[in-house]
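Colleague: I keep running into words like "buried" and "oblique" when people describe a protein. Could you take me through one example and show me where such words come from?

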Amino acid sequence: MILILFGPPGAGKGTQGALIVKACGVPKISTGEIFRDLAAEGSPLGLKAKRYWTQGKLVPDEIVVGLIRERIHSSDCKNGFVLDGFPRTVRQAETLNLLLSESGRHVDGVLSFAVDHEELLRRLIGRRTCNNCGAAYHVTSLPPGQENVCDHCGHALEHRADDNPEAIKVRLAEYDAKTAPVLTYYSERGLLTTVDANADPSTIFSRVGEVLGRVGCVQEPVNAVG
Ligand code: AP5
């Protein structure tokens, strides 16, 4: 199964992606996470990309495509994968098709999470993340057991560098101008399913279930809040 998770910043791609990975047993590839990890390691490519994402701007296609090419050909991706945050431009979508066709594969489905603007802002401003294990929390809708401490690994939680009002404004504008057209690209190819994601994570995950069956995921029962 090759499934793309789509939606504006804060739509819940990472949150639903974690549940889908648990249910379907395939890896999730998040370009945003790859960039944050590379920057934390101090790699030249990571630091170059950081200049863009901290301001909320899209990282140039050449950088993103090089990373994706390498990742999707890794051995753990041979039975499929979930893409979170890629493709984000029509050029990236076209390149993905080419890269997959090199190994006789294709995109099975695109799941788009639709969320009201006010709710996106609330989610992004309140998000806290663990840089050690990648877990994501929200100060009111998904708080950790102990304030600012990760439930999974005990590390201190952080506020992402691009979750401030200025960067969020740019991220949403970049989405409208460059990323939203990708929806038309996949809709014209009959691959798009839009899910109303103005709900709690378990309700959204139950809406996602039908799509997972269609894209080839053999689901084990998952407790969405566990
Ligand atoms: P990326 O890391 O992909 O960020 P994003 O797309 O802005 O998405 P987010 O991670 O902010 O949100 P999400 O949809 O995953 O929501 P989440 O589940 O965390 O990219 C970062 C940057 O990297 C980009 O801006 C760009 O610069 C660069 N980049 C990445 N890919 C690129 C590409 N392909 N090309 C060019 N540049 C690229 O949820 C958000 C919050 O809401 C959390 O606190 C969560 O707990 C909470 N929440 C989630 N679901 C619910 C719910 N149902 N109810 C209540 N709260 C919820």
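Modeller: Here is a run of questions and answers about the words used for this structure. This is a predicted model, where local features need pLDDT of at least 70, side-chain atom pairs count only at pLDDT 80 or more, and totals for chains, interfaces and linings use all residues. Residues are numbered from 1 along each chain as its sequence is written, and side-chain values use heavy atoms, with hydrogens and water left out.

Colleague: Okay, let's start with helices. Why are α2 and α3 called oblique to each other?

Modeller: Helix α2 covers residues 31–41 and helix α3 covers residues 44–53, and they pack at an angle of about 120° with their axes 7 Å apart. Helices here are DSSP runs (H or I, at least four residues), strands are runs of E with at least two, and both are numbered from the N terminus. The axes are lines fitted to C-alpha atoms, for helices over the stretch in contact, and angles run from 0 to 180 degrees between N-to-C directions. Under 35 degrees counts as roughly parallel, over 145 as roughly antiparallel, 65 to 115 as roughly perpendicular, and the rest as oblique. The angle of about 120° falls in none of the named ranges, so α2 and α3 are oblique.

Colleague: Which residues of α2 and α3 meet?

Modeller: From α2 you have Phe35, Arg36, Leu38 and Ala39, and from α3 Leu45, Gly46, Leu47, Ala49, Lys50 and Trp53. Contact means heavy atoms within 4.5 Å. By class, that contact has 7 nonpolar, 1 polar and 2 charged residues. Ala, Val, Leu, Ile, Met, Phe, Trp, Tyr, Cys and Pro count as nonpolar, Asp, Glu, Lys and Arg as charged, and the others, Gly among them, as polar.

Colleague: And what makes α2 roughly perpendicular to α4?

Modeller: α2 and helix α4 (residues 61–72) pack at about 100°, with axes 11 Å apart. That angle sits between 65 and 115, so α2 is roughly perpendicular to α4. Thr31, Ile34, Phe35 and Leu38 of α2 make the contact with Ile63, Val64, Leu67 and Ile68 of α4. The classes there are 7 nonpolar, 1 polar and no charged residues.

Colleague: How do you know that α1 and α9 are oblique?

Modeller: The axes of helix α1 (residues 13–24) and helix α9 (residues 201–214) come within 10 Å and cross at roughly 50°. That angle is outside the three named ranges, so the pair is oblique. In the contact, Thr15, Gln16, Leu19, Ile20, Ala23 and Cys24 of α1 meet Pro201, Ile204, Phe205, Val208 and Leu212 of α9. These divide into 9 nonpolar, 2 polar and no charged residues.

Colleague: Now single residues. Why is arginine 123 called buried?

Modeller: Buried means under 20% relative accessible area, exposed means over 50%, and partly exposed is in between (1.4 Å probe, protein chains only). Arginine 123 comes out at 16%, so it is buried. You'll find arginine 123 in helix α6 (residues 117–126). Its side chain has a polar contact of 2.9 Å with the side chain of glutamate 119. A polar contact is a pair of N or O atoms within 3.5 Å; within protein, one must be able to donate a hydrogen and the other to accept it, and residues adjacent in sequence count only if both atoms are side-chain atoms.

Colleague: What makes glutamine 92 buried?

Modeller: Glutamine 92 lies in helix α5, and its relative accessibility is 3%, so it counts as buried. Its side chain reaches the backbone nitrogen of arginine 88 at 2.8 Å. Leaving out neighbours within four places in sequence, glutamine 92 is in contact with Asp61, Val64, Phe86 and Pro87.

Colleague: Helix α7 holds aspartate 176. Is aspartate 176 buried or exposed?

Modeller: Exposed: aspartate 176 has a relative accessible area of 55%. Glutamate 174, also in helix α7, is buried at 12%.

Colleague: What about asparagine 148: why is it called partly exposed?

Modeller: Asparagine 148 has a relative accessible area of 38%, so it belongs in the middle class. It is in the loop between β6 and α7. Its phi is near 65°, a positive value in a residue other than glycine. Most residues other than glycine have a negative phi.
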